[in-house]
There are 2 protein chains.
Amino acid sequence: MAKSQAYHHGDLRRALLDAALKLITEQGVDKFTLRETARAAGVSHNAPYRHFPSRSHLLGELAVEGHGMLREQLLKAIEASDGTPLEKLLAIGVGYAEFAMQRPAMFRVMFSSEAARDESAALQMERGKTFGMLELELAHCVTAGVLSCESTSDAALAGWAAMHGISFLFIDGGMQDRPLTGGRSTKQIARMVLETLVFGLRQNGTTISAQPETTKPLRKAKK
Amino acid sequence: MAKSQAYHHGDLRRALLDAALKLITEQGVDKFTLRETARAAGVSHNAPYRHFPSRSHLLGELAVEGHGMLREQLLKAIEASDGTPLEKLLAIGVGYAEFAMQRPAMFRVMFSSEAARDESAALQMERGKTFGMLELELAHCVTAGVLSCESTSDAALAGWAAMHGISFLFIDGGMQDRPLTGGRSTKQIARMVLETLVFGLRQNGTTISAQPETTKPLRKAKK
DNA sequence: AGGCTATGTTGCTGATGTCAACATTAGTGC
DNA sequence: GCACTAATGTTGACATCAGCAACATAGCCT
């Protein structure tokens, strides 16, 4: 198994992805360079081109793998919960934010525009899978009678947005310091946001006027 | 006033920022390059260094200006609302997402890690100002009795996260196609998310168990 | 054995961020 | 008016990067 420093590497593709992940994790996305990655894998600066057509393709593949890692972690979080539908749902949300905090560079890659350039279809699919997990668990909550909503899809989207947003706010350094967190952990903040979503902000009796015409009041001839 | 093609530019600093903004807006952040920016401003490739110590500093300044633009737009959105506290609040949220959609590249710069590298204090301040607007308007809702929450700060954070998240999901192409949107506009989606937050998902009677001990159950000697 | 193809390598080009040295201009005190 | 100085731009250079082309090696198939 001693990878005899042969001309052929064995599994350079895998090695490159690993090296790239390591570089990105340890030194940020900026440090990711095809050449640096090749160096880390112990091959010449052009070897990566035998496995990835371009830098963004490699990044894209990495992003796809990241989504896989995320889902694995979410599944573990679900298992670690107390098993009630609502706690499972919250575990997904909190797990999402925790993943972002634990692997900020990877998380950023997963949603970077460069990674999306050449792997947008695959990434779309990956995001869809994750969203599916979320929506399913939310539907279970509705079935179990603990939550209610008009559209599980919309509700799941709202939840996703909330966790996606808090994740980025965290890793962008928007707030790992005191002002808003009050000493609470990421996990606690994420959970607080989710609970706010679940309980809502409405004072008894509050209603919202029918979607007002804020854009263009020139709806005359139309229809 | 005819800017006589003099050796000195007059206000190169401003011109560089404008050129950079234009490049980024029109051709994406990737296209932003000190040299390209200098070219667009009609100066040599090293002139920018007389005004910005590095590429990331320029980007950072641009990000700061972006936050200013965002707040201006939010103020306009508030004015354009029907004036009730709740509609003002919703206008802020929806306006945030709309800004992100209208200026995706700028929005990305505003939260990019590179811009944060050298201007993190200034950016922190900018984000704080925006958050302040949100929290104040939310407090007005509470005062007016249309919303209720334990902590306006937490509630505002939840709202910010939701809108920040939906904004990034939109501009990252996570969903400008049909599946989730169902043909609705950005504005409608953003509003739906906000309304979900306001109304909550709770079925009457749902409670959440006291924050479970998911992290470390080793809380013995402590107090 | 002979040849084909996948995989790696060396060398190149055009572009970039940044440094150093030089050039020009705008104010300043006289 | 006029020299001096700091501010502002310019030219030239270096190391690095992504990507292209041409070449080298090794595994595999017949």
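**Close-up views of the protein–DNA contacts**

**View 1. Side chain of Y49(B) at the backbone of DNA strand C.** In this predicted model, an N or O atom in the side chain of Y49(B) is 2.9 Å from a phosphate oxygen of DNA strand C. R55(B) also reaches a phosphate oxygen of this strand, at 3.0 Å, but through a backbone N or O atom.

**View 2. Protein surroundings of DNA strand C.** DNA strand C is surrounded by 24 residues, and the closest are S44(A), N46(A), H51(A), R35(B) and N46(B). Of the strand's atoms that come within 4 Å of the protein, 53% belong to sugar and phosphate. Helix α2 of chain B (residues 34–41) gives the most to the surface near DNA strand C, namely three residues. Sorted by class, this surface holds seven nonpolar, eleven polar and six charged residues.

**View 3. H45(A) at a base of DNA strand C.** A polar side-chain atom of H45(A) is 3.1 Å from a base oxygen of DNA strand C.

**View 4. Chain B at DNA strand D.** Two phosphate contacts are shown here. S44(B) places a polar backbone atom 2.6 Å from a phosphate oxygen of DNA strand D. H51(B) has a side-chain N or O atom 2.7 Å from a phosphate oxygen of the strand. At a base, a polar side-chain atom of H45(B) lies 3.1 Å from an oxygen of DNA strand D.

**View 5. Protein surroundings of DNA strand D.** The 24 residues around DNA strand D include R35(A), N46(A), S44(B), N46(B) and R50(B), which are the closest. Sugar or phosphate supplies 54% of the strand's atoms within 4 Å of the protein, and bases supply the rest. Helix α2 of chain A (residues 34–41) contributes the largest share of the nearby surface, three residues.

Key. Residues are numbered from 1 along each chain as its sequence is written. Chains are lettered from A and ligands numbered from 1 in the order in which they are written. This is a predicted model: local features need pLDDT of at least 70, side-chain atom pairs count only at pLDDT 80 or more; totals for chains, interfaces and linings use all residues. Side-chain values use heavy atoms; hydrogens and water are left out. A residue is near a molecule or strand if one of its heavy atoms lies within 4 Å of it. A polar contact is a pair of N or O atoms within 3.5 Å; within protein, one must be able to donate a hydrogen and the other to accept it, and residues adjacent in sequence count only if both atoms are side-chain atoms. Helices (H or I, at least four residues) and strands (E, at least two) are DSSP runs, numbered from the N terminus. Ala, Val, Leu, Ile, Met, Phe, Trp, Tyr, Cys and Pro count as nonpolar, Asp, Glu, Lys and Arg as charged, and the others, Gly among them, as polar.
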